[in-house]
Amino acid sequence: TLALLEEEEDINQITDYFSYEHFYVIYCKFWELDGDHDLYISQADLSRYNDQGKTVQKEGRMSYADFVWFLISEEDKRNPTSIEYWFRCMDVDGDGILSMYELEYFYEEQCERMEAMGIEPLPFHDLLCQMLDLVKPASEGKITLRDLKRCRMAHIFYDTFFNLEKYLDHEQRDPFAVQKDVENDGPEPSDWDRFAAEEYEALVTEESTQVQLQE
């Protein structure tokens with residue numbers, strides 16, 4: 001990576017480590033959510049980011065360092081570290097297994113969100129069959145971290161329980177297109193790299209517009 005840094009004129013093109021763009025996007029997101037700017041994000045603050053407050057942050061506050069892990073894990077659920085992050089969130093009793101009770105517990109929140117939007121949620125039994133077919137756990141009715149890392153569909157699994165917008169997007173997509181994405185092992189940008197690039201461009205455009213209005 002150091003050799004690449006010496007050769008590359010634009011440091012933002014090197015994504016092995018945080019680029020300035022990545023830092024800027026994370027900082028702006030944190031500052032936007034931190035309503036009272038005390039450098040901590042409360043449950044109420046975090047609930048404004050994809051309605052995540054109750055699900056992710058059971059109690060206490062989230063520091064900037066905690067938010068970095070959260071944001072990267074939220075926007076790139078394919079990454080092994082992100083898969084571990086969300087597994088810890090769902091493994092309420094800490095036994096290393098996602099039980100059917102735990103899946104239902106988190107799905108209930110998604111159902112509430114869908115009903116609030118006038119969308120009829122899929123019955124949990126049907127949803128459970130889909131998830132078990134998606135992950136194909138080694139032990140029937142018990143999903144482990146190893147199962148999720150092996151199946152290569154962890155991002156779809158976690159979005160089903162944590163991110164309604166992405167869950168609905170997955171539901172609308174062609175299953176064959178989803179499978180093609182999973183099988184593509186080429187040097188494509190990660191979900192996080194794509195998200196950071198899009199957000200950075202939007203932030204720069206917004207700032208440029210504000211400057212022009214002030215002139």
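Trainee: Where is the place of Lys-136?
Mentor: Bear in mind that this is a predicted model. Helix α8 covers residues 124–135. Lys-136 sits between that helix and the next one named, in the loop between α8 and α9.

Trainee: Is Lys-136 buried or exposed?
Mentor: The cut-off for exposed is over 50% relative accessible area. Lys-136 comes out at 52%, so the residue counts as exposed.

Trainee: And what is phi of Lys-136 near?
Mentor: Phi is positive here, in a residue other than glycine. The value for Lys-136 is near 50 degrees.

Trainee: Which loop holds Leu-39, the non-glycine with a phi of about 70 degrees?
Mentor: Leu-39 has a positive phi although it is not a glycine. Its place in the chain is the loop between α2 and α3.

Trainee: On to salt bridges: how many does the count come to?
Mentor: The rule asks for a side-chain nitrogen of Lys or Arg within 4 Å of a carboxyl oxygen of Asp or Glu. By this rule the count comes to eleven.

Trainee: How many residues apart in sequence are the parts that Glu-199 and Lys-29 tie together?
Mentor: The two side chains meet in a salt bridge, at 3.1 Å from N to O. Glu-199 belongs to helix α13 (residues 191–214) and Lys-29 to helix α2 (residues 20–33), so the parts tied together are apart in sequence by 170 residues.

Trainee: Does Lys-29 count as buried or exposed?
Mentor: Its partner Glu-199 has a relative accessible area of 23% and is partly exposed. Buried means under 20%. With 15% relative accessibility, Lys-29 counts as buried.

Trainee: Which residue meets Asp-159 in a salt bridge at 2.7 Å?
Mentor: Asp-159 lies in helix α10 (residues 154–162), and the partner lies in the loop between α5 (64–75) and α6 (80–90), so the pair ties together parts that are 82 residues apart in sequence. Both residues of the pair are buried. The partner is Lys-77.

Trainee: Which residue forms a salt bridge with Lys-149?
Mentor: The closest N and O atoms are 2.5 Å apart. Lys-149 is in helix α9 (residues 145–151) and the partner is in helix α6, 65 residues apart, so to speak of distant parts of the chain is fair by the relative positions. At 37% relative accessibility, Lys-149 counts as partly exposed. The partner, partly exposed at 27%, is Glu-84.Trainee: Which residues do salt bridges with shared partners join into one network?
Mentor: Lys-77 and Asp-159 have a salt bridge with each other. With shared partners taken into account, the network is made up of Glu-74, Lys-77 and Asp-159.

Trainee: How many residues of α10 are buried?
Mentor: The buried residues include His-155, Tyr-158 and Phe-162. Helix α10 is largely enclosed by the rest of the structure, because the buried count is nine of the nine.

Trainee: Which side chain makes a polar contact with that of Arg-113?
Mentor: Arg-113 lies in helix α7 (residues 100–116) and counts as buried at 12% relative accessibility. The contact, at 2.6 Å, is with the side chain of Gln-110.

Trainee: What percentage of residues 78–113 is helix?
Mentor: An unreviewed UniProt entry annotates this stretch as "domain: EF-hand". The end C-alpha atoms are 24 Å apart, strand is 0%, and helix is 69%.

How values were computed:
Residues numbered from 1 in each chain as written. Predicted model: local features only at pLDDT ≥ 70, side-chain atom pairs only at ≥ 80, totals over all residues. Heavy atoms only, no water. UniProt positions renumbered as here; feature names shortened; annotations may be inferred. Helix = DSSP H or I, 4+ residues; strand = E, 2+ residues; numbered from the N terminus. Buried < 20%, exposed > 50% of the residue type's maximum accessible area, 1.4 Å probe, protein only. Polar contact = N/O pair within 3.5 Å; in protein donor to acceptor, adjacent residues only side chain to side chain.
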